[in-house]
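Work through the exercises below with the sequence and the model open. Each task is followed by a solution in steps.

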Amino acid sequence: MSDNHMTAYKARELFTDWLSHGLIRKDQQAALEQFAVEQQLARELPLYLRVMAGIGAFITALCLVGFLDAAHLISFDLKYTLILWGTILMGGAILLARVSGDKDHMIRHSFLVQTSFCFMGAGKILFVMGMAQLFKPNEGWGIAAATFLVTLATYNVYRMSIDRFLSSLAVLVSVFCNLMDVGYGHVPHDEFVIREIAINAFFIAQLAVASVLMANGRIKRDYIPLAYAFISSLAVMAVFFATQSKIGFWMQQHAFSPVVMNVSLAVTLVLLIGWAAGEWSKLYKSEPLILACLGALVLAAISAPGILLAVGLMVLGYARHERLIVLLGVLLFPLFLSLYYYNLDLSLMTKSGVLVASGCVLLAGRAYMHYRKFDQEV
């Protein structure tokens, strides 16, 4: 079968095709279809509705916190009261989710689930605020630690994917913000060196975890929101360093080199290309794969981390048939490309020449791929 586009299969159609080619037996088809259904997030709303529900629940959670404060039921200066109310609201959220029932009673189910999500959001906000005060004067790391603890405690008992994603992303972003904040006053040079090493190590660790979660077929579907959180955190870091090349805030800043990020992303992209090919032996025998790997290495030498990340997301999304990841890569690629050319320390005339030359190289590469029929799937 030859197809230049991502093929969309329904589970039943896919297993029927396997059956016709003798890849599975007739008595296995029903069990495989049931397994595929169980692995999907069939109990939840479509993605766009979950996003809208998440935004609405977040606003409602803030209103609920404001109401508790206005009613003098909480005080932002009493940390143990905040922790207590946060725990009560999170417990109520889990209880509401458990009693929401199935979708046979749609209105009741939707109301209880949405209310549960609001309670969970408000509870986590209050819990984190209270825990952060226990870490004074290091409130930043207190927020990161509290967010991690509450995410760890609720991940497997509160099964709403949007909450899992947002909570996990909040942990990662809070850690990154703390690594970037070097504080006030005079900061020695060694402190900046340590922070740079820590940021690079944090980036590589996230890249490794995201790769394992997305490439390992044995990972449960429950941990896909966690994988998306790691990918989104990598995108946040790439966007940040695409807009500036320093760490620290205000007057306490130090130059940051993206070399380590570039190298780690290039290595990951080469491994990703080999993984997407299906067999590692093909990586050394197939001319298209060799050219793709060489292109990734050249790209690492001349471009920014964001461009490599966007290309990697498009390859990963295509290989996994995850359209959301493909869309994220497609949206990020022009953003990072624009920022890269904007930040080049060249005159406008020289930049225009670089753009023209880049376009010619891409057109020539496309023509070569079409001539050698590398753009066709077998």
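**Exercise 1. Salt bridges**

Task: State how many salt bridges a search of the whole structure finds, then describe the pair formed by Asp-163 and Lys-124.

Solution.
Step 1. The search gives five salt bridges. The model is a predicted one.
Step 2. In the pair of Asp-163 and Lys-124, the closest N and O atoms are 3.0 Å apart. A salt bridge requires a side-chain nitrogen of Lys or Arg within 4 Å of a carboxyl oxygen of Asp or Glu, so the pair qualifies.
Step 3. Asp-163 belongs to helix α7 and Lys-124 to helix α5 (residues 106-134). The two residues are 39 residues apart, and the pair links distant parts of the chain.
Step 4. Asp-163 and Lys-124 are both buried.

**Exercise 2. A second pair from helix α7**

Task: Find where Arg-164 and Asp-222 lie, and decide whether each is buried or exposed.

Solution.
Step 1. The side chains of Arg-164 and Asp-222 form a salt bridge with an N to O distance of 3.7 Å.
Step 2. Arg-164 is in helix α7, while Asp-222 is in the loop between α8 (189-215) and α9. With their positions 58 residues apart in sequence, this pair links distant parts of the chain.
Step 3. Arg-164 is buried, as is Asp-222.

**Exercise 3. A bridge between two loops**

Task: Locate Arg-221 and Glu-322 and assign each to an accessibility class.

Solution.
Step 1. Arg-221 and Glu-322 form a salt bridge, with the closest N and O atoms 3.6 Å apart.
Step 2. Arg-221 sits in the loop between α8 and α9, and Glu-322 in the loop between α13 (305-320) and α14 (323-343). They are 101 residues apart.
Step 3. Arg-221 has 23% relative accessibility. The buried class ends at 20% and the exposed class begins over 50%, so Arg-221 counts as partly exposed.
Step 4. Glu-322 has a relative accessible area of 11% and is therefore buried.
Step 5. Which residues are joined into one network by salt bridges that share partners? They are Arg-159, Arg-164 and Asp-222.

**Exercise 4. Packing of α7 on α9**

Task: Describe how helix α7 (residues 161-180) packs with helix α9 (residues 224-243).

Solution.
Step 1. The angle between α7 and α9 is about 35°, and their axes are 8 Å apart.
Step 2. The crossing of α7 past α9 is right-handed.
Step 3. On the α7 side, the contact includes Arg-164, Phe-165, Leu-169, Leu-172 and Phe-176. On the α9 side, the residues include Leu-226, Tyr-228, Phe-230, Met-237 and Phe-240.
Step 4. Sorted by class, the contact of α7 with α9 has 13 nonpolar, four polar and one charged residues.

**Exercise 5. Positive phi outside glycine**

Task: Compare the places of His-72 and His-321, and give the accessibility class of each.

Solution.
Step 1. His-72 has a positive phi of about 60° and is not a glycine. For His-321, also a residue other than glycine, phi is near 60°.
Step 2. His-72 is in the loop between α3 (47-70) and α4 (79-99). His-321 is in the loop between α13 and α14.
Step 3. His-72 is exposed because its relative accessibility is 70%. His-321, at 48%, counts as partly exposed.

**Exercise 6. Two helix residues and their partners**

Task: Describe the surroundings of Tyr-341 and the separation of Ala-301 from Val-263.

Solution.
Step 1. Tyr-341 is in helix α14. Its relative accessible area is 14%, so Tyr-341 is buried.
Step 2. Leaving out residues up to four places away in sequence, Tyr-341 touches Lys-351, Val-354, Leu-355 and Ser-358. Tyr-341 and Lys-351 are ten residues apart in sequence, with 7.0 Å from C-alpha to C-alpha.
Step 3. Ala-301 is in helix α12 (residues 287-302) and is exposed at 66% relative accessibility.
Step 4. Ala-301 and Val-263 are 38 residues apart in sequence, and their C-alpha atoms are 8.4 Å apart.

**Exercise 7. The whole chain**

Task: Summarise the chain by its helices and strands, its buried share and its accessible surface.

Solution.
Step 1. The chain has 15 helices and two strands.
Step 2. Of the 378 residues in the chain, 35% are buried.
Step 3. The accessible surface is about 22300 Å², and carbon and sulfur atoms account for 69% of that surface.

How values were computed:
Residues are numbered from 1 along each chain as its sequence is written. This is a predicted model: local features need pLDDT of at least 70, side-chain atom pairs count only at pLDDT 80 or more; totals for chains, interfaces and linings use all residues. Side-chain values use heavy atoms; hydrogens and water are left out. Axes are lines fitted to C-alpha atoms, for helices over the stretch in contact, and angles run from 0 to 180 degrees between N-to-C directions. Helices (H or I, at least four residues) and strands (E, at least two) are DSSP runs, numbered from the N terminus. A crossing is left-handed if the near helix is turned anticlockwise from the far one by less than a right angle, and right-handed if clockwise. Contact means heavy atoms within 4.5 Å. Ala, Val, Leu, Ile, Met, Phe, Trp, Tyr, Cys and Pro count as nonpolar, Asp, Glu, Lys and Arg as charged, and the others, Gly among them, as polar. Buried means under 20% relative accessible area, exposed over 50%, partly exposed in between (1.4 Å probe, protein chains only). Accessible areas come from the Shrake-Rupley method with a 1.4 Å probe; for residues, only the protein chains shown count as cover.
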